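Reader: Please take one part of this model and go through it closely, then connect it to the rest. I would like to know what is there and how far the coordinates can be read.

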Amino acid sequence: MAPAFRMATRPAVSENMSQFTVDFSGEKAGLLRLNFLPGQKPRPSSRHGNSYDRLLTGSLFSVPRAPEIDVSSCIVRDNCITVTWRPSDGDGPIERYDLEHRKANHGGALRAVGEAGWEKISDITDTQVTLSGLKFDSPFIVVRVRARNKAAAGDFSEPVAMETKAFTFGFDTATAHAELKIQGDTVTWEPQGVKGHDARLRGKENKNSSRSATPSPNKTAGSRGGRERFAGESYTVLGDQEINGGCHYWELRPLADWKSLSVGVAYRGSLGRFDQLGKSSTSWCLYASQWLQSALAAKHGNRAKALDWPPPQRIGVYCDHDNGELMFIDVDRLRLLHIFRSRFLQPLVPAFTVSTIVLQQYYCRSTIELLLY
């Protein structure tokens, strides 16, 4: 790599030729004028006509100061976070930005989070960036940003904690129908017994099933008033966390060759073993089907309202418990499919019914701002 400038020494010899010295005072003054430290201003120079000195005092070697994150312009929405920042005044040239983010369980003592666990996004040319595809399974996401140029990278900005109001739940396997297979965040309907089994012909649960399930550590079958798991044609499983208040949002998507599904909420202890979602006054759901023909309907109190819209491939559920609102959204098309308005008198749990389907709990999360078109 070629040097940015060449240093020249000025040797001097004493009169009696007994000493030989080299004067580095000019070079020392030039080095002191280099702006290697963030926030250090170039020192004034008396040799304004010297191009060498202008090079030393210029901003070519300035390390950028730490930017400032504009919290009021940041947005948390739809499993995405848009972070906006401002460069510091008086900076030298800035070529790129680096942003780092990590999850946190609290918003205080941000400097104590340490240097481990940061995820990095480099080579950002704008003063904002959107982090997409996040899973809001922690209360906060901490972000920080720094500027850099050819000289070096500057210091990181003060870290900012952005609240995600996470709502994380799993499937309560103690409530799952015996023919539902729970694996992590997926539910698969696996008919037992006769090959080629048709759900429309099966009326009762296989009593001899050897399938076992591990009860959720948070909710057990006892929390359903002593009832056993769902049976018959109610291929249902409940979530293992209750919604006692506030606003919550989660998504799911059907995988593989799915036929029908219902997604919604219910009072945990209100459903019997053979009850289906939407057929009682204590459950609300969106029903979608690709069985024989496409169908989409909102169900509650044993009533169904047909919706003139194709079955979504990604469904969002937004529950405002305090205001008694339950919304269903086609996430891919940004369409509000239906909204229930009721008065929720008890805690709610997410509820799912599937048949001939693999269902994935795509993201469990809450949002600060929800876009509905």
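Author: Cys-74 has a relative accessible area of 15% in this predicted model, and it is classed as buried because that value is under 20%. Cys-285 is buried too, with a relative accessibility of 0%. A disulfide is a covalent bond between the sulfur atoms of two cysteines. The search for such bonds covered the whole structure and found zero.

The part to look at closely is the sheet around Glu-100. Its strands follow the order 7-6-9-10, and the sheet is open, with antiparallel pairing among its four strands. Strand 7, residues 119-124, and strand 10, residues 160-163, form the edges, each with pairing on one side only. On average, neighbouring strands here are turned by 25° against each other, with direction ignored.

Strand 6 spans residues 96-104 and strand 9 spans residues 140-148; nine bridges join the two, and they run antiparallel. One of the residue pairs is Ala-104 of the model with Phe-140, its bridge partner in strand 9.

Glu-100 belongs to strand 6. Is Glu-100 buried or exposed? The relative accessible area of Glu-100 is 10%, so it counts as buried, the limit being 20%. Its side chain has a polar partner: the side chain of Arg-144, at 2.7 Å. Arg-144 falls within the residue range of strand 9, so the polar contact with Glu-100 can be placed between strands 6 and 9, where strands are DSSP runs. Beyond four places in sequence, Glu-100 also touches Val-142 and Val-143, whose numbers lie within strand 9 as well. Further residues in contact with Glu-100 include Trp-118, Glu-119, Lys-120 and Phe-156. Glu-119 and Lys-120 fall in the range of edge strand 7. In a regular strand, side chains alternate between the two faces of the sheet.

Strand 7 also holds Asp-123, which has a positive phi, near 60°, although it is not a glycine. Most residues other than glycine have a negative phi, and most peptide bonds are trans. Asn-302 is a further case with positive phi, near 65°. It sits in the loop from strand 18 (295-300) to strand 19 (303-306). With a relative accessible area of 55%, Asn-302 is exposed, because the limit for that class is over 50%.

Away from this sheet, strand 14 (residues 236-239) has two partners to describe. With strand 11, residues 171-172, it pairs in the antiparallel sense over two bridges, and Asp-172 stands opposite Leu-238. With strand 23, strand 14 also runs antiparallel, and three bridges join them. There, Val-237 has Phe-352 as its bridge partner.

Strand 23 covers residues 348-355, and the loop that links it to strand 22 (335-341) contains Ser-342. How exposed is Ser-342? Its relative accessible area is 29%, so it is partly exposed, lying between the 20% and 50% limits. Beyond four places in sequence, its contacts are Trp-284, Asn-323 and Gly-324. The C-alpha atoms of Ser-342 and His-321 are 9.3 Å apart, and the two residues are separated by 21 positions in sequence.

Another loop residue is Thr-282, between strand 16 (260-267) and strand 17 (283-289). At 17% relative accessibility, Thr-282 counts as buried. Its side chain makes a polar contact of 2.8 Å with the side chain of Ser-270. Ser-270 is also among the residues that Thr-282 contacts beyond four places in sequence, together with Val-265, Ala-266, Tyr-267 and His-300.

As for how far the coordinates can be read, the mean pLDDT of the chain is 75, with 67% of the residues at 70 or more. Residues 194-227 have pLDDT below 50, and the model gives that stretch 69 contacts beyond near neighbours in sequence. Residues 362-373 also stay under 50, and have 53 contacts beyond four places in sequence. Where pLDDT is low, the predicted coordinates should not be read in detail.

Key: Residues are numbered from 1 along each chain as its sequence is written. This is a predicted model: local features need pLDDT of at least 70, side-chain atom pairs count only at pLDDT 80 or more; totals for chains, interfaces and linings use all residues. Side-chain values use heavy atoms; hydrogens and water are left out. Two strands pair if DSSP finds at least two bridges between them. Axes are lines fitted to C-alpha atoms, for helices over the stretch in contact, and angles run from 0 to 180 degrees between N-to-C directions. A disulfide is a pair of cysteine sulfur atoms within 2.5 Å. Buried means under 20% relative accessible area, exposed over 50%, partly exposed in between (1.4 Å probe, protein chains only). Contact means heavy atoms within 4.5 Å. A polar contact is a pair of N or O atoms within 3.5 Å; within protein, one must be able to donate a hydrogen and the other to accept it, and residues adjacent in sequence count only if both atoms are side-chain atoms. pLDDT is the predictor's confidence in each residue, from 0 to 100.
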